[in-house]
Amino acid sequence: MFATALKFMRYDKAKSIGIIIGIVISIFLIGQQLGILGFLTGMMGGLVDNSRADIGQIWVVDNITRNANELAKIDEGMAGAIRSIEGVQNTYPVVLANASVKFENGKTGSVILVGSEAPLFIAGPTNDLIQDGQLMNLNDEGAVSAEYYDEDAFNTSLAVGSRLEINGKEAFIKVQTKNARSFSGALMYTSLSKARFYGGFPDNKISVVAVQVKPGYDIKNVVDNINKSIYGVRAWDAQVLKNETVSYLTISSNIGTSVGSLVVFAIISGFFIIGLTLYSSALDRIKDYGTLKAIGATNGYVRNLILTQSFLFAIVGYILAFVLLQLFRIGVEGAGLVFHYSLVQLTAMFVITVFISVGGSLFAVRKINSVEPASVFRG
C-alpha cells in the first residue's frame with residue numbers, strides 16, 4: 001500500500017509539491033500565531049511567573065482585581081492580620097509602584113518598580129531569570145534591576161553598573177534580568193524600601209501580600225480561610241490569579257479573537273486548497289484508479305490508497321513546517337519575542353495537519369468511488 005501510494009505521489013510531482021507547500025504554509029501560519037499568543041500570554045502572567053510562587057503560593061490583593069498587572073493599594077497591616085490565620089506560615093509584603101526613569105544619554109521612559117524584602121525577594125526575580133549580577137545585590141544602596149530585552153525600547157544600555165534616575169533620584173543597575181517581563185510595562189526589581197522611596201509609595205500601603213502556606217495544609221482551604229476572615233481583600237492561589245489575568249486580558253484585548261480567527265482561517269483555507277489539489281490530482285489519474293478497480297481493487301482499497309497518500313503528505317508537510325517554525329522561533333528570540341512550543345501545541349498542530357490533509361482528500365475519495373471500472377476501456 002505504501003509503495004503504491006509513493007508511486008502515485010511521484011507520478012505527479014508538481015501537484016504533490018503543491019499539496020506539501022499548502023500544508024507547510026497552513027501549519028506555519030498556525031504555529032506562528034500560537035507562538036505569538038504564547039509570548040503575549042507569558043507576559044500577561046509575568047508578574048506571577050517571575051515571583052517565588054513556590055514560597056508565596058497565595059496572593060492577597062484588593063477585592064475587585066482580576067488582573068495581576070493592575071493592583072490597588074491595600075493596608076500594610078493586612079500582612080500581620082493574615083499571618084494569624086490558620087494554615088498561614090508567613091506573609092511577605094510586595095509593592096508595585098509606577099515611576100519615570102531617565103538614563104545618562106537623556107532617554108526617558110516609564111517603569112514599574114517591584115519591591116519585596118530581602119533575602120527572599122518573594123516578588124522576584126527568580127535566579128533563573130538573572131543574566132548578570134546577584135540577587136542580593138538588590139540590597140545595595142540605590143540598586144535596581146533592569147531587563148535585557150528593554151534595551152531596544154529605551155534605546156540605551158542597561159548593563160550592570162549603569163547609572164539612571166528614577167523620579168529624579170539617583171539609582172544604579174546592579175542586576176540584569178533576561179525575559180523577566182510583564183504585559184503592563186518594563187519591570188525593575190528592587191527592595192521593598194527602595195520601591196517605596198523611588199516610587200513615592202505610601203509607607204503604610206502595599207500592593208500584594210504573598211502568603212506562604214504551612215506544610216500539610218491545602219492551598220484552596222487556606223485561600224478560603226483568608227477570604228472568610230479578612231474583609232476588603234481577596235486571596236487567590238497565585239497560579240489561579242495568573243490564569244485569571246491571562247483569561248481577562250486575552251478576552252478584553254481581543255487578542256484571543258484575533259489569533260483564533262487567523263488559526264481558523266488557516267485551517268479552512270488549507271483544508272480546501274489541499275482538498276481541491278488532491279481532487280484535481282485524482283481527476284488526472286482517474287484512468288489509473290479505474291484500472292485498479294478493473295483488475296479487482298475494491299473501493300475500500302482505492303480509498304485507503306488515497307488516504308495513505310494524504311497521510312504521507314501530512315507527515316512530510318508537518319516535518320517541514322516544524323523545521324521552519326523552529327527557525328522562526330530562534331530568529332525572533334534575538335528581538336525579544338521569546339516563546340517555546342509545548343508538547344500539547346506540537347501534538348495539536350500535528351492533529352490539525354492530518355485533519356487538513358486527510359480531510360481534504362475526501363473530495364478525491366468521493367470522486368474515485370463513483371468511477372466505473374469499465375469506463376477506462378471506453379474511447
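Pro-119 is found in the loop between strand E4 (108-116) and strand E5 (130-132), where helices (H or I, at least four residues) and strands (E, at least two) are DSSP runs numbered from the N terminus. The peptide bond that leads into this proline from Ala-118 is cis, with omega near 5°. Pro-125 is found in the loop between E4 and E5 as well, and a cis peptide bond with omega of about 5° joins Gly-124 to Pro-125.

This is a predicted model, in which local features need pLDDT of at least 70 and side-chain atom pairs count only at pLDDT 80 or more, while totals for chains, interfaces and linings use all residues. Residues are numbered from 1 along each chain as its sequence is written, and side-chain values use heavy atoms, with hydrogens and water left out.

**Backbone at two asparagines**

Asn-167, which is not a glycine, nevertheless has a positive phi of about 50°, and this residue is found in the loop between strand E7 (163-166) and strand E8 (169-177). Asn-167 is partly exposed, with a relative accessible area of 36%; on this scale buried means under 20% relative accessible area, exposed means over 50%, and partly exposed lies in between (1.4 Å probe, protein chains only). Asn-179 likewise has a positive phi, near 70°, and is found in the loop between E8 and strand E9 (186-191), where its relative accessible area of 30% makes it partly exposed.

**Nonpolar cores**

A nonpolar core is here a set of buried Ala, Val, Leu, Ile, Met, Phe, Trp, Tyr and Cys residues joined through side-chain atoms within 4.5 Å. The largest such core has 39 residues, and those with the most contacts inside it are Ile-166 and Ile-226. Strand E3 (residues 88-103) gives the most to this core, with six residues. Apart from it lies another core, of 33 residues, which includes Leu-40, Phe-313, Phe-328 and Ile-352. If neighbours within four places in sequence are left aside, Ile-166 is in contact (heavy atoms within 4.5 Å) with Ala-99, Ser-100, Val-101, Leu-113, Val-144, Ala-171, Met-188 and Tyr-198.

Ser-26 is found in helix H2 (residues 13-44) and is buried, with a relative accessible area of 5%. Beyond its neighbours within four places in sequence, Ser-26 is in contact with Ala-266, Gly-270 and Ile-356.

**Helix H8**

Helix H8 (residues 238-252) has 15 residues and reaches 21 Å from its first C-alpha to its last, close to the 21 Å expected at 1.5 Å a residue, the expected span being 1.5 Å times one less than the number of residues. Its buried residues are Ala-238, Leu-241, Lys-242, Thr-245, Val-246, Leu-249 and Thr-250. Seen down the axis of H8, these buried residues fall within an arc of 160°, so they line one face of the helix; the arc is that of the directions from the helix axis to the C-beta atoms.

At the start of H8, a side-chain oxygen of Asp-237 reaches to within 3.0 Å of the backbone nitrogen of Gln-239. Gln-239 itself is partly exposed, with a relative accessible area of 36%, and, leaving aside its neighbours within four places in sequence, is in contact with Val-48 and Ala-53. Gln-239 and Trp-59 are 180 residues apart in sequence but 9.2 Å apart in space, C-alpha to C-alpha. After H8 comes Asn-254, whose phi is positive, near 65°.

**Salt bridges**

Side chains of opposite charge can pair when their charged atoms come close. A salt bridge is counted when a side-chain nitrogen of Lys or Arg lies within 4 Å of a carboxyl oxygen of Asp or Glu, and by this rule the count comes to ten. Three of these pairs are listed below.

| Pair | N to O distance |
|---|---|
| Glu-244 and Arg-66 | 2.8 Å |
| Asp-75 and Lys-205 | 2.6 Å |
| Arg-196 and Glu-76 | 3.3 Å |

Glu-244 lies in helix H8 and Arg-66 in the loop between strand E1 (58-62) and strand E2 (74-75), so the pair ties together parts that are 178 residues apart in sequence. Both partners are partly exposed, Glu-244 at 22% and Arg-66 at 41% relative accessibility. In the pair of Arg-196 and Glu-76, Arg-196 is buried, with a relative accessible area of 12%, whereas Glu-76 counts as partly exposed at 28%. Arg-163, Glu-165 and Glu-170 are linked in a network of salt bridges.

Methods. A polar contact is a pair of N or O atoms within 3.5 Å; within protein, one must be able to donate a hydrogen and the other to accept it, and residues adjacent in sequence count only if both atoms are side-chain atoms.
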